[in-house]
Amino acid sequence: MEVEVGPPGHGGFCVARHEGRAVFVRHALPGERVVAEVTEGDSKDSFWRADAVEVLEASEDRVEAPCEYAGPGMCGGCDWQHASYEAQLRIKGEIVAEQLRRLAKLEREVVVEEVASPFGWRTRVQFAVDPEGNLGFRKHRSHEVVPVEECAIASSGVDEVGALQRNWPGLETVEVIAATGSADRALVVTPKRGEQMPYVDADVKVSVLRGVSRNTHISGVQRIHGRPYVREVAEGRTWRVSGSGFWQVHPAAPDVLTEAVLDFLKPRAGESALDLYCGVGLFAVPLAEAVGEDGSVLAVELDRQAVKDAAHNLGFVEDQEESTEFPWVDLVEGSVDEVLADDSYAPDAADLVVLDPPRAGAGREVCARIVALAPRAVAYVACDPAALARDVAYFADAGYELTGLRAFDLFPMTRHVECVALLEPAQR
């Protein structure tokens, strides 16, 4: 069908209309006229998903995708390679603003900040494996694998491992990890259920870890060879991150986000702070340094291995309950909502809160418990603008308003955007 393409939507598509029905069109740009082929939906559905398979009237922002695997029916990893980079930044800003308008009832212009080159940035890449053992990426909303010989957004550190030049029969996924600031490289190899762990070869020295098939209920990774972790460098420190543990995939992200958080919070000596969903301690360390020995930091994380890494990064000696570097830091393993509800862990009040929740957001209950602590400032790090907007609305209901917002393009060419929001009591 031929459609006039409307505004961008949250999810890497633009919204068009056909006979009264919304059509979410990928590979299109606002203002274009395209031929769209429906990929999902039938006559009973309120909306359809579609690909722009022919451009009849092109936008001035359209460019030829620099990657041969980008396009309808191809790799689903990138969403906006057909847009100029300036247009990508503008589109992401419009999407964040639209989510705030729709879900938080806030009118705010959002400028997405360029961080570095839009290519060669991704330091952690998980490849899928096709039936012939070739590495590739899945099509959008599909399990079908598109084999690739290179990835335009992968970092040079990922490329030098040479995983794409090898065959990987019997495997489910192969994840390549290239640490920033150190020469550490790792391969997380996940055999299909019932398959054996293969001999692993690479072009450079790597640690080899065995992942767990998604068809099992087991989590974590098993060390096969080398270190079970990589050393990342950020904030002038070296950080231990185990296996497939969470670490920002853009090499500049840790420093950029930490700077934004501290600039918003302006922590002072002697203050009390919470770092919720603390991961390996990226924000807990600078908070501890800022509040000093007369202050306090409570860091909370659910993932057990991340807690072990955070303990190492915060200077806890094994089997000791107190950090040798930051004795005023408490590290708790548990879900944020349960820890905040537990009087034996949660303080009666806090001056500052940092929260960096998973993509789904913090949720109403966690937001309410944070507000009950009456912090003077909350820094919210968000990788999903819809979840951020919903939580901003929860904070607003409890008397906290959005007083600062920065957005960073830490995932160029994709639909993702990272935001740091500042929330403060409305009656200051």
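**Notes on a predicted model: its cavity, a pocket and selected residues**

1. Strand β20 (377–382) and helix α8 (385–397) each contribute at least two residues to the lining of the largest cavity. Helices (H or I, at least four residues) and strands (E, at least two) are DSSP runs, numbered from the N terminus. A cavity, on a 1 Å grid over the protein atoms alone, is a set of points where a 1.4 Å probe fits but cannot get out, whereas a pocket is an open set with protein on both sides within 12 Å along at least five of seven lines; lining residues have an atom within 4 Å of a point.

2. Before reading further, please keep in mind that this is a predicted model, in which local features need pLDDT of at least 70 and side-chain atom pairs count only at pLDDT 80 or more, while totals for chains, interfaces and linings use all residues. Residues are numbered from 1 along each chain as its sequence is written, and side-chain values use heavy atoms, with hydrogens and water left out.

3. The structure contains one cavity of 30 Å³ or more, and the space in the largest cavity comes to about 30 Å³, a volume being the space filled by probe spheres set on grid points that are joined across faces, edges and corners. Its lining is made up of P357, P358, R359, G361, Y380, V381, A382, C383, D384, A387 and L388. Strand β20 provides the largest share of this lining, with three residues. Sorted by character, the lining residues of the largest cavity are eight nonpolar, one polar and two charged; here Ala, Val, Leu, Ile, Met, Phe, Trp, Tyr, Cys and Pro count as nonpolar, Asp, Glu, Lys and Arg as charged, and the others, Gly among them, as polar.

4. The second largest pocket holds about 370 Å³ of space. It is lined by 15 residues, of which V307, K308, A311, F316 and L331 are the closest to its centre. Helix α5 (304–313) and strand β18 (329–333) each give at least two residues to the lining of this pocket, and α5 supplies the largest share, five residues. By character, the lining of the second largest pocket consists of six nonpolar, two polar and seven charged residues, so a student looking at the pocket should find seven charged side chains listed there under the grouping used above.

5. Turning to the chain as a whole, one finds eight helices and 22 strands. The C-alpha atoms occupy a box of roughly 65 × 60 × 40 Å, taken along the principal axes. The radius of gyration of the chain is 23 Å, which agrees with the value near 22 Å that a compact globule of 428 residues would have; this radius is taken over C-alpha atoms, and the globule rule is 2.2 Å times the number of residues to the power 0.38.

6. Of the 428 residues of the chain, 53% count as buried, where buried means under 20% relative accessible area, exposed over 50%, and partly exposed in between (1.4 Å probe, protein chains only). Among the contacts (heavy atoms within 4.5 Å) in the chain with a separation of 6 or more, 61% join residues that are 24 or more positions apart.

7. How many of the eight residues of helix α4 (residues 284–291) are buried? Six are, so the helix is largely enclosed by the rest of the structure. The buried residues of α4 are A284, V285, P286, L287, A288 and V291. Just after this helix, G292 adopts a positive phi of about 70°.

8. Two residues at or beside strand β15 (237–242) may be looked at together. S242 lies within strand β15 and is buried, because its relative accessible area is 11%. Apart from its neighbours within four places in sequence, S242 makes contact with P228, Y229, Q305 and D309. A252 sits in the loop between β15 and α3 (253–265), and with a relative accessibility of 24% A252 counts as partly exposed. The C-alpha atoms of A252 and W121 are separated by 8.8 Å, although these residues are 131 apart along the chain.

9. Lastly, two residues other than glycine deserve a look for their backbone angles. K105 has a positive phi, near 60°, and is placed in the loop between α1 (85–103) and β6 (112–113); with 67% relative accessibility, K105 counts as exposed. A374 also has a positive phi, near 55°, and belongs to the loop between α7 (364–372) and β20; its relative accessibility of 54% means that A374 counts as exposed.
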